[in-house]
Amino acid sequence: MRRIAADESGATAVEYGVMLAMLILVTIAGIGALGGASNAFWQGNLNAIAEAITPAGD
């Protein structure tokens, strides 16, 4: 019974799992933030191009 209580390999696996989950959450948050900024950038370019090719009389 003492040998089982002294075994810390399961705790190490749990710690690695927690670190992996945190890394995944940070990655998803970063991708979401960059995705929004990228969308705004490309939408601004699209609007500028649309204005540039629209005839002056319209």
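Here are legends for three views of this predicted model.

**View 1. The whole chain, with two helices and zero strands.** Helices (H or I, at least four residues) and strands (E, at least two) are DSSP runs, numbered from the N terminus. Of the 58 residues in the protein, 0% are buried (under 20% relative accessible area, with exposed over 50% and partly exposed in between; 1.4 Å probe, protein chains only). The accessible surface comes to about 5,300 Å², and carbon and sulfur atoms hold 70% of that (Shrake-Rupley method, 1.4 Å probe).

**View 2. A nonpolar patch on the surface, formed by Leu20, Leu23, Ile24 and Ile28.** Together these residues offer about 390 Å² of accessible area. Such patches join nonpolar side chains within 5 Å, from residues with over 30% relative accessible area and no salt bridge (Lys or Arg side-chain nitrogen within 4 Å of an Asp or Glu carboxyl oxygen). Take a look at Ile24, which lies in helix H2 (residues 9-53) and counts as partly exposed because its relative accessibility is 42%.

**View 3. The one aromatic pair of the structure.** Phe41 and Trp42 meet edge-to-face, 5.0 Å centre to centre with 75° between the planes (ring centres within 6.5 Å, using the six-membered ring of Trp; planes over 60 degrees apart for edge-to-face). Phe41 is partly exposed at 48% relative accessibility, while Trp42, at 55%, counts as exposed.

Residues are numbered from 1 along each chain as its sequence is written. Local features need pLDDT of at least 70 and side-chain atom pairs 80 or more, while totals for chains, interfaces and linings use all residues, and side-chain values use heavy atoms, without hydrogens and water.

Methods. Rings of Phe, Tyr and Trp (its six-membered ring) pair if their centres lie within 6.5 Å; planes under 30 degrees apart count as stacked, over 60 as edge-to-face and the rest as tilted. Patches are made of residues with over 30% relative accessible area and no salt bridge: like charges are joined within 9 Å, nonpolar side chains (Val, Leu, Ile, Met, Phe, Trp, Tyr) within 5 Å.
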